[in-house]
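Trainee: I am new to this structure and would like to go through it step by step. Could we take it as a series of questions?

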Amino acid sequence: MQTEPKTTEDITFEDFKSEILNDYRIAITSRECSLLGRREVLTGKAKFGIFGDGKELPQLAWSKVFKKGDFRSGYYRDQTFMMAIDQLNIEQFFAGLYAHTSLEADPMSAGRQMGGHFGTHSLDDHGNWKNLMEQYNSSADISPTAGQMPRLLGLAQASKIYRNVKGIDTSKFSKDGNEIAWGTIGNASTSEGLFFETINAAGVLQVPMVISVWDDDYGISVHARHQTTKENISEILKGFQRDEHGNGYEILRVKGWDYNALVNTYETAEKIAREEHVPVLIHVQELTQPQGHSTSGSHERYKSKERLDWETEHDCISKMRQWMIANNIATEEELDTIDKNLKKSVREGKKAAWNAYLEPILADRSEAIKLLKPLAEKSTNKAFITKIINDLEDIKEPIRKDILSSARQVLRYVVGEGSEEKLKLQQWITAFMARIQPKYSSHLHSSSDKAVGNIVNVPPTYSDKAEEVDGRIIIRDNFDAIFNTYPNALVFGEDSGNIGDVNQGLEGLQEKYGELRVADAGIREATILGQGIGLAMRGLRPIAEIQYLDYLMYALQIISDDLATLQYRTKGRQKAPLIIRTRGHRLEGIWHSGSQLGGIINLVRGIHVLVPRNMTKAAGFYNTLLESDEPALIIECLNGYRLKEKMPNNIGRFKTPIGVVETVKEGNDITLVSYGSTLNMVAKTAKDLMEVGINAEVIDVQSLLPFDLNHDIVKSLEKTNRLLIIDEDVPGGASAYILNEILNTQNGYRFLDSKPQTMTAKPHRPAYGTDGDYFSKPSNEDIFEKVYEIMHEVSPEDFPKLT
């Protein structure tokens, strides 16, 4: 449906008229989808609806300047735009509303997100990059307001990298860095810190980014006077306007119902961003929201009659219609005919989408009933089973839950019976679950041939005269090898560039590889992560550095809601193989202790969380990840940069396996499990325990997500029959997660002769100073005494009480 407008020099009035009429048809189609979509929710066919009505005209103007290779990072009002660029049709709109689990029916998310969350396919069926320069691109939306903004920054920065860094294969990703990243946000959501952080960062970086603010004066029910100083976001951002004194933004304002002005404004914005590579903010004012915020309520509850009357008068489609009639583009009768025909088309598309959604479910119900009826005939509980069958048949529009729930309930009535019919039902339930569950649960991680599980482990090798060096030298030299091997690799963060990071792990690399590849960033963790996501979505291999693990909290929402869900929410059609670099563990003090892993690992499912005990292991993780296509968080040990390690002679080539534990000391009395800096304490204590006759097996977890894929820890328990997990997180944190994995996933309880125990830090954050660390987290003495106490319970005679 997209119109490619001709230049003013060669366009005829008939061409002009045809283009406008096509725009009008798209606007009416989108509006009718919104109106019928709301009804579908209120009648129960869909669970929730949030639509783009009232925003149609600015999105049409935007679509005219959106080019192949460009990226959108928007929010849930952009349906008209997606229709205008031919990435959303009527049936797909309603398939998303009904949560159709087919990617062919709902290419946006295969029913995994509510309607209004739009994305295109960057990957083919095998998880490989498509040619993004041959298509219109939309990064997959998320619901948290302003959450799309950090990612937008990275999408725009990618153009700057492609334009200025030589040696990168750009064939599928860029043409001289000419692509624009287009963002959209509601005016109320500009109150979010993520918006302001992104605005500032884009102004500093000077990247080709155009942000449209859809301003309808409300944020759900709350008026702009409660949201924004002066009730006007472009007014308060005046200080960002570029001028002769310095770089900044071009800030444009336009009425959302003025078709002509909108087209001109978006043409101006595109020219500035694409040619000059500077950010532009378009404040689209005087928009309306005809149906209110969503299907959760009615805007009549919070808008005055005067406001509602104003919205009726200034509805953008009504205004466009008046303009078309006044300029002899169409008569009222012609437009009425278009309206009538399009309403019919939308109704037909809605019906087709519903039938396509329901058809396979009805087939599954028929199959289930064919199995249930013969079983009822043979059962002594026929009456009860028949009622379940009848109830299932009476559901006019069943869902899969109805079918499976009924079949499982029937099994209760034949639990003591044996028949071929019962066996067939059991087999059907198992097969049904195996077939249907992946529709809702697949693609949490990459399923391509570049998934981390497919990367071959390469251990570090050493010469006979291997030099012992500070750990930071190993990580530094490994980064040097990475940047030399991967032209599309880059790193950025606070102090990452000029001084080579606070621990000198990037020492001298900015001078060698340039300020764009080894870059300093402002104190703005959320948008550092956003840069990484957007850059990775456009084929680059970013390493986003968060200076300390504690500061990851500023970016945790972005990691959790955006990065970690990306493969899942697109059913494997988008990826962002971002590496997050940080450091933590054992530093002294509340804010640099790195002890929040219990929270992190339960919020970031979808990325890997790696906890190497030294810099060699960390370097190997970077090498593994750069051969894979999955995102990960690597937590380097803060107290490990100055510790001595042997220098491998295969720097840049050795790879640490992900999801594999390592037994660093064998033993047969008790299994001690830990990771990171604490693992090194455990290993030292294990030597001390040998002096009192306790031979402990020490296992380094290495990877929290995924965890011990080969179940090597349970193999250790078969030998030792005792387990202690030592961790510096708070009680119930990462140690509880590890314990659950060992007991419930690996069924390690079968081999235990003693109660499995955990040893953690205190419930509070660590106090400052060496004594603060000693009294806040497990010490060598704590570990020794806990192990001794367990062995005392086993054999009091051999191990009499210490105290």
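Trainee: Which residue meets R72 in a salt bridge between side chains?

Mentor: Bear in mind as we go that this is a predicted model. R72 is buried, with a relative accessible area of 0%, and its partner likewise counts as buried, at 0% relative accessibility. The nitrogen and oxygen of the pair are 3.0 Å apart, and the residue that meets R72 in this way is D78.

Trainee: Is E235, which forms a salt bridge with K238, buried or partly exposed?

Mentor: In this pair the closest N and O atoms are 3.0 Å apart. On one side of the bridge K238 is partly exposed, with a relative accessible area of 48%. For E235 the relative accessible area is 24%, and because buried means under 20%, E235 is described as partly exposed.

Trainee: How many residues apart in sequence are the parts that R321 and D336 tie together?

Mentor: The side chains of R321 and D336 meet in a salt bridge, with 2.3 Å from N to O. R321 belongs to helix α10, residues 316-326, while D336 belongs to helix α11, residues 332-378, so the pair ties together parts whose separation in sequence is 15 residues.

Trainee: Where do these two residues differ, that is, which of R321 and D336 is buried?

Mentor: D336 has a relative accessibility of 39% and counts as partly exposed. R321 has a relative accessible area of 15%, which is under the 20% limit for being buried. The buried residue is therefore R321.

Trainee: How many salt bridges does a search of the whole structure find?

Mentor: Some charged residues are joined in a network rather than described here as a pair, and D501, E545, R581, R583 and E636 are linked in such a network of salt bridges. When the whole structure is searched, the number of salt bridges found is 55.

Trainee: Which element gives the largest share of the positive patch?

Mentor: The positive surface patch is formed by R39, K340, K343, K344 and R347. One of these, K344, is found in helix α11 and counts as partly exposed at 46% relative accessibility. Four residues of the patch come from a single element, and that largest share belongs to α11.

Trainee: What is the relative accessible area of H277?

Mentor: H277 lies in the loop between α8, residues 259-276, and β8, residues 280-285. Leaving aside neighbours within four places in sequence, H277 is in contact with S159, K160, R163, G177, Q206, V207, P208 and I272. H277 is buried, and its relative accessible area is 7%.

Trainee: How far apart in space are G539 and L506, C-alpha to C-alpha?

Mentor: G539 sits in the loop between α17, residues 525-537, and β12, residues 541-545, and counts as buried at 12% relative accessibility. Not counting residues up to four places away in sequence, G539 touches W129, Y162, F173 and N488. Along the sequence G539 and L506 are 33 residues apart, and in space their C-alpha atoms are separated by 23 Å.

Trainee: What distance separates the C-alpha atoms of L552 and L529?

Mentor: L552 is in the loop between β12 and α18, residues 556-563, and at 1% relative accessibility L552 counts as buried. Apart from residues up to four places away in sequence, L552 touches I546, I559, I580, I600 and L633. L552 and L529 are 23 residues apart along the chain, and their C-alpha atoms are separated by 9.3 Å.

Trainee: Is the peptide bond from L705 to P706 cis or trans?

Mentor: P706 is found in the loop between β20, residues 703-705, and α23, residues 712-720. The omega angle of the bond from L705 to P706 is near 0°, and the bond is cis.

Trainee: What is the value of phi of D708?

Mentor: D708 is placed in the loop between β20 and α23, and at 0% relative accessibility D708 counts as buried. Its phi is positive in a residue other than glycine, with a value near 40°.

Trainee: And what is the value of phi of H443?

Mentor: H443 is found in the loop between α14, residues 420-441, and β9, residues 468-470. With a relative accessible area of 25%, H443 is partly exposed. H443 is a residue other than glycine with a positive phi, and the value is near 65°.

Conventions
Residues are numbered from 1 along each chain as its sequence is written. This is a predicted model: local features need pLDDT of at least 70, side-chain atom pairs count only at pLDDT 80 or more; totals for chains, interfaces and linings use all residues. Side-chain values use heavy atoms; hydrogens and water are left out. Helices (H or I, at least four residues) and strands (E, at least two) are DSSP runs, numbered from the N terminus. Buried means under 20% relative accessible area, exposed over 50%, partly exposed in between (1.4 Å probe, protein chains only). Contact means heavy atoms within 4.5 Å. A salt bridge is a side-chain nitrogen of Lys or Arg within 4 Å of a carboxyl oxygen of Asp or Glu. Patches are made of residues with over 30% relative accessible area and no salt bridge: like charges are joined within 9 Å, nonpolar side chains (Val, Leu, Ile, Met, Phe, Trp, Tyr) within 5 Å. Accessible areas come from the Shrake-Rupley method with a 1.4 Å probe; for residues, only the protein chains shown count as cover. Lys and Arg count as positive and Asp and Glu as negative; His and the chain ends are not counted. The place of a charge is taken as NZ of Lys, CZ of Arg, CG of Asp or CD of Glu.
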